[in-house]
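The report below describes a single protein chain from its fold outward, beginning with one residue and its surroundings. Terms are explained where they first come up.

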Amino acid sequence: MTAIAPEMLTPSTSAFDSIPALTAADRCDATTTTIREGSGTANPRVACGAQAYVTALLPSGNTLLFCAHHGHNLEATLVQQGAVIRDDSAVLQQNTKPGASA
Ligand SMILES: [Zn+2]
């Protein structure tokens, strides 16, 4: 069934009205120059490149796209900086069969 109420697809923030939905062509903008996870050494210019599911609308009006992993890791930081987050990663759960919990 593909019948989904339009309000289910509409983010609560109207700022995203002009931003198209993410597609498989949208890729995570995170790089190791901007993401410093754990104690790993910096490795400049290495982009994540995974499919993007999280959109961050920055106060400047620019948008950054992140995969679910980086989006969730960076959400608090981005919000602190005034960004508004749209998380579309719920589609990942919809595509995952239940019963695989470890
Ligand atoms: Zn990523």
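Leaving aside residues up to four places away in sequence, Phe-66 touches Cys-28, Asp-29, Ala-30, Ala-52, Val-54, Ala-56, Gly-71 and Leu-74, where contact requires that the C-beta atoms of two residues, placed from the backbone, lie within 7 Å. The model is a predicted one, in which local features need pLDDT of at least 70 and side-chain atom pairs count only at pLDDT 80 or more, whereas totals for chains, interfaces and linings use all residues. Residues are numbered from 1 along each chain as its sequence is written.

**Overall make-up**

The protein chain has three helices and three strands, and from the N terminus on these elements follow the order α-β-β-α-β-α. Helices (H or I, at least four residues) and strands (E, at least two) are DSSP runs numbered from the N terminus. Of the 102 residues of the protein chain, 16% count as buried; a residue is buried if 20 or more other C-beta atoms lie within 10 Å of its own, exposed if 12 or fewer, and partly exposed in between, with C-beta atoms placed from the backbone. Among the contacts in the protein chain with a separation of 6 or more, 50% are accounted for by residues 24 or more positions apart.

**The sheet**

The three strands form an open sheet in the order S2-S1-S3, with antiparallel pairing, where two strands pair if DSSP finds at least two bridges between them. Strand S2 (63–66) and strand S3 (84–87) stand at the edges, and each has a single partner strand, so one side of each is left without a neighbour in the sheet. On average, and with direction ignored, neighbouring strands of this sheet are turned by 20 degrees against each other; such angles run from 0 to 180 degrees between N-to-C directions, and the axes are lines fitted to C-alpha atoms, for helices over the stretch in contact.

Four bridges join S1 (residues 54–57) to S3 in the antiparallel sense, and S1 and S2 also pair antiparallel over four bridges. S1 and S2 form a hairpin with five residues between them, and Gly-61 in the turn has a positive phi of about 100 degrees. The table lists residues of S1 with residues that stand opposite them.

| Residue in S1 | Opposite residue | Strand of the opposite residue |
|---|---|---|
| Thr-55 | Leu-65 | S2 |
| Ala-56 | Leu-64 | S2 |
| Ala-56 | Ile-85 | S3 |
| Leu-57 | Val-84 | S3 |

In a regular strand the side chains alternate between the two faces of the sheet. From S1, Val-54 and Ala-56 point one way and Thr-55 and Leu-57 the other way, and all are buried. S2, by contrast, has a covered face with Leu-64 and Phe-66 and an uncovered one with Thr-63 and Leu-65.

**Helix H2**

Helix H2 (residues 68–80) lies across S1, S2 and S3, and runs at about 155 degrees to S3. At 1.5 Å a residue, the 13 residues of H2 should span 18 Å, and the end C-alpha atoms are 19 Å apart, which agrees; the expected span is 1.5 Å times one less than the number of residues in the helix. H2 nevertheless bends by about 50 degrees at Leu-74, the bend being the angle between axes fitted to the seven residues ending there and the seven starting there. The buried residues of H2 are Ala-68, His-70, Gly-71 and Leu-74, and what covers them includes S1, S2, S3 and helix H3 (90–94). Just after H2, Gly-82 takes a positive phi of about 95 degrees.

**The nonpolar core**

The largest nonpolar core has 13 residues, and those with the most contacts inside it are Cys-28, Ala-52, Tyr-53, Val-54, Ala-56, Phe-66 and Cys-67. Such a core is a set of buried Ala, Val, Leu, Ile, Met, Phe, Trp, Tyr and Cys residues joined through C-beta atoms within 7 Å. S1, S2 and H2 each supply at least two residues of this core, and S1 gives the most, with three residues.

**The loop before S1**

Thr-23 is found in the loop between helix H1 (6–9) and S1, and is exposed, with 8 other C-beta atoms within 10 Å. Thr-23 and Ala-52 are 29 residues apart in sequence and 7.8 Å apart in space, C-alpha to C-alpha. Ala-25 lies in the loop between H1 and S1 as well, and is exposed, with 7 other C-beta atoms within 10 Å. The C-alpha atoms of Ala-25 and Gln-51, which are 26 residues apart along the chain, are separated by 7.2 Å.
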